Amino acid sequence: MSSSDLSSSPDSRPPAETMTQEVIQQTAQSEVQVEQNVKIPDSAPNKTLRRMALANLIATLLVILWGAVVRATGSGAGCGDHWPRCNGEIIPSFKQVSTMIEFTHRAMTGIWLAMIVGTVVLVYRSTPKKSLLRKSATVMSAFAVIECLIGAALVLFKLVGHDTSSNRAAVMAIHHLNTAILLGVVTLMCYWAYGGAKIRLQNQGAAAGGLAIGMVALLATIVSGAITALGDTLFKAQSSAHALERALTPTAHFLEKLRVAHPIISISASLFILLFVGQLLVTRKSAHLTKFGRWTMALIGIQVIHGALNVAMKAPVYMQIIHLAIADVLLIAYVLTSAVALSANSAETVSEAQEEPVERLKGRDAVRAYIALTKPRVISLLLFTTLLAMFIAAKGWPGGGLLFWVAIGGYFAAGAANAINMVIDSDIDVRMKRTSTRPTVTRQIPASHAMIFALTLATLSCVMLTLAANALTAVLAMAGLLFYVFIYTLLLKRRTWQNIVIGGAAGSFPPLVGWAAVTGELSPLAWFLFALIFFWTPVHFWALALLIKDDYAEAGIPMLPVVHGERATVVQITVYAILTALLCFVPVMLGTAGLVYVATALLLNAILVLRSWQLMNQPDRPKAVRLFKYSMVYLALFFVMMAIDQANRGILLG
């Protein structure tokens, strides 16, 4: 739960309270109009219990947020090492602000505990044995006790204030994990108090497993955020660059090094939850699921944006509290999404054709199908530019170990992007001859399984690239993945013929990944490699599009040959070929290219422009095939000769 703030809405209530009440009230409706007549039954007990459950949820949020204020302001030692008394007194003198902040937190916790006890008593008096409310109330009280004991341990063992020990970090991690689970349990109790249906885990396909993975990822994000917030409090950074520099310094404190873990975990978790919940909304038709799922997805977007602002502003206290408030409401929304998706009623709306494979693959067949999800033929050229960029950056041999791990991590990142693309585009792939045999189309691999596979690859890629190279390498690989999925696949592909021009930037990230793995930074020459692939992509892809334009037309994809015809396409190809050739003079002007580069660039670009010109004068299939095949040879040879040129320059320059 990284740190965040409590801002006020117009009616002076915190946004978490306002939204939480709205969320819970949605489940209070006894009958809702849903696709396929799905209803959440009005099985709730009396109104008093409903109100108590909601009050518990709001109180839990407030205690969590004020606890973050205690940590962020360094007020944990405001009552000394005394517990439950404060500085040895029941009611202390507030000579210091830290004492007031810490004592307020303890007082709020006491009131909250009294509310929990009252709720448990009311539940046991008004509900039958073995009811969901009794079970959730019992679990809630257990986690509440653990929460108080951990808080006491922090004070009694002096793991507060400016303590920078590993013991404090470990206890803080456990503390926030327990807090998150407690908030989830309180949310479930509210859900059932307002008539939510029973959760059913049987016959749920991959939904139960996927949602469980998402919950684990969300909890990991919350815990890593808490550790990052502790590091921000104890080790103030002058800037984001300074924080990153300290995180990559071998002699830095472990809390400073762990700062890079949170954004990586957060991005991976956010991507998984966004795409898995999005897939659930397609396969399970329920009004409540749609509502809660959309809130979950919207809150993830808000949290990511706020997280970036938090970093840019050097994490002031109020921004930390806001960040935590959003994280808590996100957790509530995700728990509600999961509960509705796995409820007995919602499960009845699952389309078995969408959830279950046509046939269960085993052994080598299963391995081949999952490898096919990654599109290995497409990745080969991307991975080649990644590895050659490493040679160019190193001006020679970059190291066998680094090459190996960057190759694996790069493949996993690109493979994850391609697998997600297959899931999203399965409805149009079935209409195209070229893609009609993909595993997601034939349902040899269910969409939910493919999504879990993709996000597992993305997470492994993040970890590998961070540990083997550096955080910048992992961030760039994820940036390429996100650009391909969200900008190209979701935003542009089905809407505009400029899809490949703008979306082609996704394929331009690999050389940046390779360069950053070697140097830990991006030089002008690295950005030249990015730009080269960006301008080369339309030449390469539109030549292919000319060959399969009928497929694109059948699927309704607005590729350039479909929208504006062959003539406009071949003209655009020639224009981009000329722009690519002109761009190749940039290294010469920068003084970073030698004779090998100049000779190679002139020859390769002359052939590229010539073949584009020939296609423009006579747009037929053989010339389109020749240009398409040559474009791949062009890029491979360009990177090879540039690596040789830089190695020669490295030798000459000593």
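A disulfide is a pair of cysteine sulfur atoms within 2.5 Å. In this predicted model, a search of the whole structure finds one such pair, and the bond in question joins C79 to C86, with an S to S distance of 1.9 Å, a value that falls within the 2.5 Å cut-off.

The geometry of this bridge can be followed a step further, since the torsion about the S-S bond of C79 and C86 is about -80°, and the disulfide is therefore left-handed. As for the surroundings of the two partners, a residue counts as buried when its relative accessible area is under 20%. C79 has a relative accessible area of 0% and is therefore buried, while C86, with a relative accessible area of 1%, is buried as well.

Two further cysteines can be read against that cut-off. C462 counts as buried because its relative accessibility is 2%, and C584, with a relative accessible area of 2%, is likewise buried.

From the cysteines the reader may turn to a threonine, T221, which has its place in helix 6, the element that spans residues 207–234. Where does the side chain of T221 reach? The side chain of T221 reaches the backbone oxygen of A217, at a distance of 2.8 Å, which lies within the 3.5 Å allowed for a polar contact. T221 has a relative accessible area of 11%, so this residue of helix 6 is buried, and the contact to the backbone oxygen of A217 is thus made by the side chain of a buried threonine.

Note on methods: Residues numbered from 1 in each chain as written. Predicted model: local features only at pLDDT ≥ 70, side-chain atom pairs only at ≥ 80, totals over all residues. Heavy atoms only, no water. Helix = DSSP H or I, 4+ residues; strand = E, 2+ residues; numbered from the N terminus. Buried < 20%, exposed > 50% of the residue type's maximum accessible area, 1.4 Å probe, protein only. Polar contact = N/O pair within 3.5 Å; in protein donor to acceptor, adjacent residues only side chain to side chain.
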